[in-house]
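Visitor: I'd like to learn how to read a model like this one, feature by feature. Can you walk me through it?

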Amino acid sequence: ILEPDVVVELIGERPGLVTAKSMSCYMCWRPRHSTVESDRSVISNIHDGGTPAAEAGASAAAFAKRIFDNQASGTKLSAK
């Protein structure tokens, strides 16, 4: 319904894993039903022992701008 240009989604890890307090940030340019895994970009291991939340937030904001500016994400962004 909304058809956003850039989606930023934060997903927490499942309980019971070694880094259960970890989360990942998935970003995508114009996601649709036909979007596949390689269309997404990700920042993972956001936790106290990995990438600190404040650093990951700054990285995600900069990455979202890069996605918007290039109108691409995932492997399509890597190719630019």
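Guide: We'll go from the overall layout to the helix, the core, the aromatic rings, the cysteines and the backbone angles. Keep in mind that this is a predicted model.

Visitor: Let's start wide. How many helices and strands are there, and what pattern do they follow along the sequence?

Guide: The protein chain has 2 helices and 3 strands, and the order along the sequence is β-β-β-α-α. Its C-alpha trace spans about 35 × 25 × 25 Å along the principal axes. Of the 80 residues, 24% are buried.

Visitor: What share of the contacts joins residues at least 24 apart?

Guide: Take the contacts between residues at least 6 apart in sequence: 39% of them join residues at least 24 apart.

Visitor: On to helix H1. How does the distance between its ends agree with its number of residues?

Guide: Use the rise of 1.5 Å a residue. H1 runs over residues 53-70, which is 18 residues, so it should span 26 Å. The end C-alpha atoms are 25 Å apart, which agrees.

Visitor: And how do I tell which way a helix faces?

Guide: The general idea first: an α-helix has 3.6 residues a turn, so residues three or four places apart point the same way. Now the case here: the buried residues of H1 are Ala56, Ala60, Ala64 and Ile67. Looking down the axis of H1, you find these buried residues within an arc of 75°, so they line one face of the helix. On the face turned away from that buried side sit the exposed residues Ala54, Ala58, Ala61 and Ala62.

Visitor: What covers the buried residues of H1?

Guide: The cover includes strands S1 (6-12), S2 (23-29) and S3 (40-46), along with helix H2 (75-78).

Visitor: Which residues make up the largest nonpolar core?

Guide: In soluble globular proteins, nonpolar side chains tend to be buried together. Here the largest nonpolar core has 10 residues: Cys25, Met27, Trp29, Ile43, Ile46, Ala56, Ala60, Ile67, Ala72 and Leu77. At least two residues of this core come from each of S2, S3 and H1.

Visitor: Pick one of those core residues. What does Ile46 touch?

Guide: Setting aside residues up to four places away in sequence, Ile46 touches Lys21, Ser22, Met23, Ser24, Cys25, Thr51, Ala53 and Ala56.

Visitor: Ser24 is on that list. Is Ser24 buried or exposed?

Guide: Buried, with a relative accessible area of 4%. Ser24 lies in strand S2. Beyond its neighbours within four places in sequence, Ser24 is in contact with Glu9, Leu10, Ile11, Glu13, Val42, Ile43, Ser44, Asn45 and Ile46.

Visitor: How do I read aromatic rings that meet?

Guide: A pair of aromatic rings is described by the distance of the centres and the angle of the planes. The count here is 1 aromatic pair. Trp29 and Phe68 form it, with 6.0 Å centre to centre and 70° between the planes, an edge-to-face arrangement. The pair links distant parts of the chain, with Trp29 in strand S2 and Phe68 in helix H1, 39 residues apart.

Visitor: Are Trp29 and Phe68 buried or exposed?

Guide: Trp29 has 14% relative accessibility, so it counts as buried. Phe68 has 45%, so it counts as partly exposed.

Visitor: Now the cysteines. Why is there no bond between Cys25 and Cys28?

Guide: A disulfide is a covalent bond between the sulfur atoms of two cysteines. The sulfur of Cys25 is 12 Å from the closest cysteine sulfur, in Cys28, and that is too far for a bond. The cut-off for a disulfide is 2.5 Å, and the count comes to 0 disulfides. Both are buried, though: Cys25 has a relative accessible area of 2%, and Cys28 has 5%.

Visitor: Last topic, the backbone. Where does phi take a positive value?

Guide: Three places to look at are Gln71, Arg30 and Asn45. Gln71, just after H1, has a positive phi of about 50°. Arg30 has phi near 40°, a positive value in a residue other than glycine. Arg30 is found in the loop between S2 and S3 and is partly exposed at 40% relative accessibility. Asn45 has phi near 60°, also positive. Asn45 is in strand S3, and at 42% relative accessibility Asn45 counts as partly exposed.

Conventions. Residues numbered from 1 in each chain as written. Heavy atoms only, no water. Helix = DSSP H or I, 4+ residues; strand = E, 2+ residues; numbered from the N terminus. Expected span 1.5 Å × (residues − 1). Buried < 20%, exposed > 50% of the residue type's maximum accessible area, 1.4 Å probe, protein only. Arc of directions from axis to C-beta. Contact = heavy atoms within 4.5 Å. Phe/Tyr/Trp six-rings, centres within 6.5 Å; stacked < 30°, edge-to-face > 60°. Core = buried A, V, L, I, M, F, W, Y, C linked by side-chain atoms within 4.5 Å.
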